[in-house]
Amino acid sequence: MDSFFRELSAIEGADVRADVPLRERTSFRIGGCADFAASVHSSEAAASVLRLCRKASVPCFLMGLGTNLLASDAGIRGVALTMGNGLVRESVEESEGTVRITLGAEASLGRLVSLMDRAGALGFSRLAGIPGTVGGALAMNAGTRGGSVSEFVEKIFLAGPDGLSDLPAEAAGFGYRSCRALDAGTLAAGAVFRARLGAQEEIEAERSAFREAMAKRRVTQPAMPSAGCVFRNPEGNSAGALIDGCGLKGMRVGDALVSPVHANFIVNAGRASSGDVLRLMREVQAAVVRETGVRLEPEIRLIGEFQLGGLPEGARVLEDLAAVRETR
Ligand code: EPU
């Protein structure tokens, strides 16, 4: 592993560290150590990391800001990859009542929202308060009840071992909290977003809708460490309302707690382990199926080493990017 670390550290445009605690890199504040963490600042560096991992048979996982992830207590045997600054240059262009905003995958979704706001664009209130990066938001098609990020995507820039390519939004296969093109280990380096510019009155209305959504979020969602909503909303229903209806708020395994504020959040009330969270997720699924017949499917993704037997139904472990590439 020493020589792998040396080779990884030698890649130009990659900042590399060894033994990085994932609890410091996830909003859940849970997770053991990643053998290595690499932050890349160019598509070439991203490609080189993937190539080296493939050559050395070392797994590589794309991590982002870790806002929608449950990291394993056992950590990651391999590389936790983050897209750093400079993969795509930020730009804002206005023409004929439309604004086009180009951002790198590492930018926060909040950056997109504030650039839309500044330009006088419409629709950004539907993205109010979504945490995480542009890359993560694309891969998850992150959203609120009002809408999702895919509504604003014009084009995605992909990065791979062979460099950069473009994908029009229509070819990306966006669905509810999913994006087919970014599902199988393909990296987004950035994207071009498009929104309609409003008249002064419409802009004021958009800004006040945004302020309202943020205020509502502060009241209806917990502030404790979490990974956001744990389960996807079943068709025509709300996972939070279902879990709440089963009386599960406050249900606890170790330090993992079904939030008393919003039942579709599990919060880390102290030193929760990933094992605590997984057991609580299974107990919530079992209770909801028993009481309502609805099978809740996890929205958060798992990262690292897990005992497959102990996973909640429908849980998805992030794929090893290097392995996915190899089998294509
Ligand atoms: N509700 C309850 N009890 C609860 C929680 C909710 O009865 O404990 C009820 C609410 O009163 C409301 C309904 O369920 O009538 C829906 O709740 P909410 O407005 O909070 O929306 P949600 O469907 O639970 C979705 C997204 C959130 C996003 C909010 C706000 C999903 C899975 N969740 O939540 O996204 O912040 O809308 O727009 O799509 C996330 O993706 O991580 C996330 C938190």
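This report walks through the ligand site and two sheets of a predicted model.

## Ground rules

Since the model is predicted, local features need pLDDT of at least 70 and side-chain atom pairs count only at pLDDT 80 or more, while totals for chains, interfaces and linings use all residues. Residues are numbered from 1 along each chain as its sequence is written, and side-chain values use heavy atoms, with hydrogens and water left out.

## Around the ligand

Let's start with the ligand: 21 residues surround it, counting any residue with a heavy atom within 4 Å. The closest are Arg-145, Arg-217, Cys-229, Asn-233 and Asp-244. By type, the shell splits into 6 nonpolar, 8 polar and 7 charged residues. Here nonpolar covers Ala, Val, Leu, Ile, Met, Phe, Trp, Tyr, Cys and Pro, charged covers Asp, Glu, Lys and Arg, and the others, Gly among them, count as polar.

Three elements each supply at least two shell residues: α5 (200-220), β13 (226-229) and α6 (239-245). The largest share, 3 residues, comes from α6. Helices (H or I, at least four residues) and strands (E, at least two) are DSSP runs, numbered from the N terminus.

## Polar contacts and burial

Which ligand atoms do the polar side chains of Lys-216, Ser-238 and His-262 approach? In each case an oxygen atom of the ligand: a polar side-chain atom lies 2.9 Å away for His-262, 3.2 Å for Ser-238 and 3.3 Å for Lys-216. Taken alone the ligand exposes 820 Å², and the protein buries 75% of that (Shrake-Rupley areas, 1.4 Å probe).

## The antiparallel sheet

Strand β13 turns up again in an open sheet of 4 strands, ordered β13-β16-β15-β14 with antiparallel pairing; strands pair if DSSP finds at least two bridges between them. At the edges sit β13 and β14 (252-253), each pairing on one side only. Inside the sheet, β15 (residues 256-258) and β16 (residues 265-268) pair over 3 bridges, and Leu-257 stands opposite Val-267 in β16.

Helix α7 (residues 274-292) lies across β14, β15 and β16, at about 30° to β15. Contact means heavy atoms within 4.5 Å, and axes are lines fitted to C-alpha atoms, for helices over the stretch in contact, with angles from 0 to 180 degrees between N-to-C directions.

## The parallel sheet

Another open sheet has 3 strands in the order β4-β17-β18, with parallel pairing. Its edge strands are β4 (69-71) and β18 (316-317), each pairing on one side only. β4 and β17 (residues 301-303) pair over 3 bridges, with Ala-71 opposite Ile-303 in β17.

Notes
Polar contact = N/O pair within 3.5 Å; in protein donor to acceptor, adjacent residues only side chain to side chain.
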